[in-house]
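Here's a quick tour of a few strands and one lysine. Have the viewer open and follow along.

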Amino acid sequence: MLKKIIILMMVVFFFSCSAEKNKNKRNETNKAEHEQQEIGEHKSIHQQEWEEHQTESRNYSLEKTDLEVIKTENITLDFSKKFILPHYTTDAKKLVFTTENYNGIWIYDFEKNIIRQLNALPGSGYKFELSSDGSKVYFRNKIFKKNNPKAEYAIIEQTIYSKKMNMLYISKNVLTPPVQIDNEIIFLENDKPKAYNIKTKKIEKEITSTFIYVVNNKLIKFTKDKKETISLNGMKPISSKYTGDKKNIICLTAAKGLLLLDNNGTVLNIYPKAFSLSKLSNSNLVVFTEEEDNGKQIVKSDIYIGFTNSDKKIKLKNLEDKKIFNPVWSGKENKIAYNTEDGEIKIITLNIHTKEEKK
C-alpha cells in the first residue's frame with residue numbers, strides 16, 4: 001500500500017508541476033527562483049522529480065500527457081563543419097559532439113554561449129565517452145611514432161576545462177573505444193577486456209565490473225573470470241553502447257532495429273523501426289528516431305518519446321527539420337539535442353502538460 005501511495009504522489013507531482021510554476025512567490029528567495037524560471041533556467045519536470053525521489057526510478061505516463069516543441073535553437077549556425085553525435089555533460093552545462101568523420105571533439109558551453117574545440121585528433125570522436133562527473137572525455141586514438149609506419153592504439157583521457165591529455169594505455173594491438181563503468185575505464189584488446197582503475201591510476205589484470213560489447217556480430221558478456229555469448233534468438237547484433245547512467249545497453253541489430261538490455265544482457269524492449277536511441281538517466285523515458293528510406297537514401301526521420309518497458313510512443317510535432325539523427329536528453333531541462341543531415345547541432349525545448357491543461 002505504501003508503494004502505491006508513493007507512486008500516486010509521483011504522478012500527481014508530475015502533472016502539477018506546470019501549474020506550480022505560475023504561483024506567486026512569498027519571499028525574495030522564491031522571487032529570484034521565479035525570475036530564473038522566466039528566463040528558462042528552471043529545472044525540468046523530470047529533474048525535479050528525481051530530486052524528490054532519488055532512490056527510485058522516474059516513471060511517467062503519456063496517457064494524459066502532451067509533448068509540444070515550443071522552441072528550436074541552432075547552436076552551430078556559424079560553422080561550416082558538419083557536426084554529429086551530441087552528448088550532454090552530467091550537469092547539462094555543456095554539450096559535447098564531434099564531426100561527421102569523427103575528427104576532433106567540440107564543446108558548446110551553455111553559460112558562455114560559445115563553442116570551442118577540445119582536440120583535433122583524427123578519430124577521437126568515434127564513440128567518445130564522457131566521465132560520470134562530466135569533467136573529462138575518454139577516447140581511443142591511433143598514434144604514429146617517428147620512423148614507424150605502423151600505428152599504435154592509445155586510450156586517452158582529456159580534461160574538458162584545461163584540455164590536458166593523459167595517455168592511459170598504449171598498445172600495438174587493436175583497442176576498442178573506452179567505456180566508464182563505476183571506477184573502471186574498460187576496453188578490449190584483441191577481444192579481451194582490460195580496465196584502467198581511476199582510483200589507483202593503474203591498468204588492472206582483471207575487470208571487476210560486468211562488461212557487455214558486440215564482438216564479430218556476437219553480443220559478449222565479460223566478467224572477472226568468465227566470457228559468454230548472449231543469445232538474441234537469431235537477431236544479429238551490429239554494435240552496442242551503454243546508456244549514460246550505465247544501467248542499460250542499446251544494441252543495434254541487422255534487421256530488428258534497436259534492442260534495450262539491462263546490464264546483465266537481458267532484453268527489456270525492442271524498437272523495431274528505431275535507428276538511434278537515448279535514455280534519460282535514472283528514468284524509464286527514451287527518445288528515438290524512426291527513419292524512412294526510398295531504397296537509396298533516407299527521406300524522413302521522425303522523433304518519438306517512449307519507454308523502456310512499453311511499446312507506447314508519442315511523436316514530437318512542430319519540428320523544423322525532416323531529418324533528425326542522434327537525439328539525446330538533457331538531464332536538467334525539458335530539452336533534447338540532435339544533429340541534422342546537414343551537420344547542424346540543434347536543441348529543442350519541450351512543453352510538457354496534461355491534455356486537460358491544454359483545453
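## The β25–β26 hairpin

Keep in mind that this is a predicted model. Let's start with a single pair of residues: V328 has A337 of β26 as its bridge partner. Zooming out, strand β26 covers residues 335–340, and β25 pairs with β26 in the antiparallel sense over 4 bridges. The two strands, β25 and β26, make a hairpin, with 5 residues sitting between them.

How enclosed is strand β25 by the rest of the structure? Strand β25 spans residues 324–329, and 5 of its 6 residues are buried, so the rest of the structure largely encloses it.

## A four-stranded open sheet

Next up is an open sheet of 4 strands, which goes β6-β7-β8-β9 with antiparallel pairing. At the edges you'll find β6 (129–130) and β9 (165–171); each has a single partner strand, so one side of each has no neighbour in the sheet.

For β9, that partnership involves strand β8 (residues 152–159): the two run antiparallel and are joined by 6 bridges. If you want a spot to click on, E157 has N166 in β9 as its bridge partner.

## Around K94

Is K94 buried or exposed? K94 belongs to strand β3, which covers residues 94–99. With a relative accessible area of 9%, K94 is buried, because the cut-off for that is under 20%.

Leaving aside neighbours within four places in sequence, K94 is in contact with H87, Y88, T89, I107, Y108, D109, F110, I160 and Y161. As for I114, which is 20 residues from K94 along the chain, the C-alpha atoms of the two are 9.9 Å apart.

Terms used:
Residues are numbered from 1 along each chain as its sequence is written. This is a predicted model: local features need pLDDT of at least 70, side-chain atom pairs count only at pLDDT 80 or more; totals for chains, interfaces and linings use all residues. Side-chain values use heavy atoms; hydrogens and water are left out. Buried means under 20% relative accessible area, exposed over 50%, partly exposed in between (1.4 Å probe, protein chains only). Two strands pair if DSSP finds at least two bridges between them. Contact means heavy atoms within 4.5 Å.
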